[in-house]
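Q: I've got a structure open and I'd like to learn how to read its contacts. Can you walk me through them?

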Amino acid sequence: MNRLLCFVLALASLSLSRADVRVVTSLPDLADFAQRIGGDKVKVDFIVKGNQNPHFVDVKPSYMMKLKSADIFFIIGMEFELWAPQLVDGSRNANLNVVDLSRAIQKMEVPAAVNAGMGDVHRYGNPHYWLDPRNIRIVAGEMVDALTKASPVDEAFFRGNAEAYLKKLDAKIVEWQAQMKPFAGSRIITFHKSWSYFANWLGLVIAGQVEPLPGIAPTPGHTSELIQLCRQGNIKAIIVEPFYDMSAPEQIARSTSAKVLQLPTSVGGVDGAEDYIALMDHNISTMAATLR
Amino acid sequence: MHGLARFAPLLVVVAALSNLGLSQTTLNPDISVIPRFLIESNDGEKLSQGKREFSQPDFQFQELELVIQSYLNPFSRADVVLTLPGPDIEAASLGIEELYATVFRGLPLDLNLRFGKYRVEYGKLNLVHPHAWPFVTQPLSQTRFLGEEGLNDLGISASILLPTGDVYSRLTLDVLRGGTIEEAAGISDTSGSKPFYANSARLMGFFSLTDESDLEVGLSTLTGIHDPFHRDRFWYVNGDFKYKYKPSMYTALVLQGEYLYNTRSAAQDQAFQPFLDAAGNPEARTINSSGFYVYADYQFFKLYSLGARYDWSEAPYSNDDRTTGVSVFAGYYPVEETLGLRLEYQHFRTEAPGTATVVNTIVLQVLFSLGPHKAHPF
């Protein structure tokens, strides 16, 4: 009888220690980090697919269902996910811990003032900080803290996984920097202001955007100005996320020597970018080949 | 009082909050102003004179919505929608379209409670403010059975998510002051009787069919007293669906429709003429009638939309009085929802015993949205 009781207690303690922390992230990139840090002690899902524009997400009840049963919701923050509060409220989950991963990020392009005449400017700064892999150490730290709060007994496990992943990422950062070093100072154009952190990290110069203002569709006049800029300014590449319309970038490319590069900003944005390191591998190698 | 002057107290409050020098995001509610204007012409105005010609296009102020929204605390939020109705922009006075608080978190069973005056979750379109419709005019069945303002009443609402696994399904129950339906029929309650409550319920389910397409279906019911003098009751049953296919951020197709079935006992018709039996004595009758609309709206290049709607509706007090209509509409939204133009052509045919009338209408709607009013959920 005692043996049976011990067996049942052992089973119960095993099941308790392996209880999943249910995590939902806004982006698949964050889901990749959470999975690597949480290992088999987390169950991870995400909202926006890598080939979707994360700025514009329909407020679907199915997303609310994902959050209804979640313990943690990791978001980029800085009002990048303007749709998130409606999902959180709609989930009716009083215990959901919404973790803004941008808190300790050194923010770029923080405007002194914002009004709608400036386009879709983020008032807390440019939120695309995950495209500088050096920021992932900060993101991972926030994730470890949140996961530990949800499952304190697993703190060492989370920290160990995070350190192992960051070690691997650090090695890749050195590799990526070496790959891009010859192209420091190269001038590029981007469709949207998504690449500021990426360019800052690698010493690239962003000479302009295809959007006349953030979130505003390309206009013939602005496209014409960019054609002039490309001709005069030795622009080699126009970076466009896969979800944007290619018409204006291709028009610029046809009239100049610049090449259009479709680069994803998130995991799953193109075939082969199945995790963050693969995503950055794809972006770095594609860009290096174009700038060469 | 001059209509616009009634904004003054609100503006004083907003200015005072701004002068505190504190973060607007933490103190001030979100405030949005959404006016709609119309230019309209139809060929039905001189039909009584035997002439069919389009009227001179008429500039009209349709309505202004002033939307104020904010969290009250971590568990609840408040929404206020003040409206200044057209067509006389100078003489109109500000009214309360919605004024309610919602407790969305922290209640047992994840219950969601709402109280105040609000657009009732009855069918699909009733929850959507007119500025967010893809067309200009309200579907005919909604106008006839719910009224021009839709089902919007004082009440208490409770909703619960049902345990249906990964499928989102929700049951919403409302107890309402009542009176909306009788007002829609033009009946003023001068009976002096106690209020007769109305009760509404909606069961909905949301299904993600693929990554790009979703379907929502709903079944609603509403019952109340439509004639306070005779204490006659009505029952509505409403089925609705919305399908959305969105393969990219530039393209989307929406198909939506609702069917409403009405049954009511009545002692008089909509013109307040009593029903009489063969001997000329007053009699109560049971009236069964219905209406539906269905529309398709196709968005392309993100900026443009094209759509069509079919309307068919009988009347609440008669199934001999029916109207069918076809509308085609186009929209242009140069910068998301901040500015919009909608052009609509309607062809409506109304039949009543002994008469048939056809009216064609062309209407251009212009609207803008000043402020952070959020997109409506799916």
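**Reading the contacts**

A: Sure, and keep in mind that this is a predicted model. Let's start where the chains meet: 19 residues of chain A are in contact with 24 residues of chain B.

Q: Which helices of chain A supply at least two residues each to the side that touches chain B?

A: Those are α3 (61-68) and α4 (84-91). Of the elements on that side, α3(A) gives the most, with four residues.

Q: How do the residues on that side of chain A divide by class?

A: There are 10 nonpolar, three polar and six charged residues on the side of chain A that touches chain B. As for size, an interface is often described by the accessible area lost when the parts come together.

Q: At what angle do the axes of α3(A) and α4(A) cross?

A: For a helix pair, look at distance, angle and handedness. Here the axes come within 8 Å and cross at roughly 65°, and α3(A) passes α4(A) in a right-handed crossing. On the α3(A) side, the contact is made by A:Pro61, A:Tyr63, A:Met64, A:Leu67 and A:Lys68; α4(A) brings A:Leu87, A:Val88, A:Gly90 and A:Ser91. By class, that contact has six nonpolar, two polar and one charged residues.

Q: Into which domains is chain A divided?

A: Domain 1 covers 18-174 and domain 2 covers 177-291. Their C-alpha centres lie 25 Å apart, and the contact takes 28 residues from domain 1 of chain A and 27 from domain 2 of chain A. On the domain 1 side, α2 (28-38) and α6 (155-180) of chain A each supply at least two residues. That side has 12 nonpolar, eight polar and eight charged residues.

Definitions and conventions. Residues are numbered from 1 along each chain as its sequence is written. Chains are lettered from A and ligands numbered from 1 in the order in which they are written. This is a predicted model: local features need pLDDT of at least 70, side-chain atom pairs count only at pLDDT 80 or more; totals for chains, interfaces and linings use all residues. Two residues are in contact if their C-beta atoms, placed from the backbone, lie within 7 Å. Ala, Val, Leu, Ile, Met, Phe, Trp, Tyr, Cys and Pro count as nonpolar, Asp, Glu, Lys and Arg as charged, and the others, Gly among them, as polar. Axes are lines fitted to C-alpha atoms, for helices over the stretch in contact, and angles run from 0 to 180 degrees between N-to-C directions. A crossing is left-handed if the near helix is turned anticlockwise from the far one by less than a right angle, and right-handed if clockwise. Domain bounds come from an automatic or database domain assignment.
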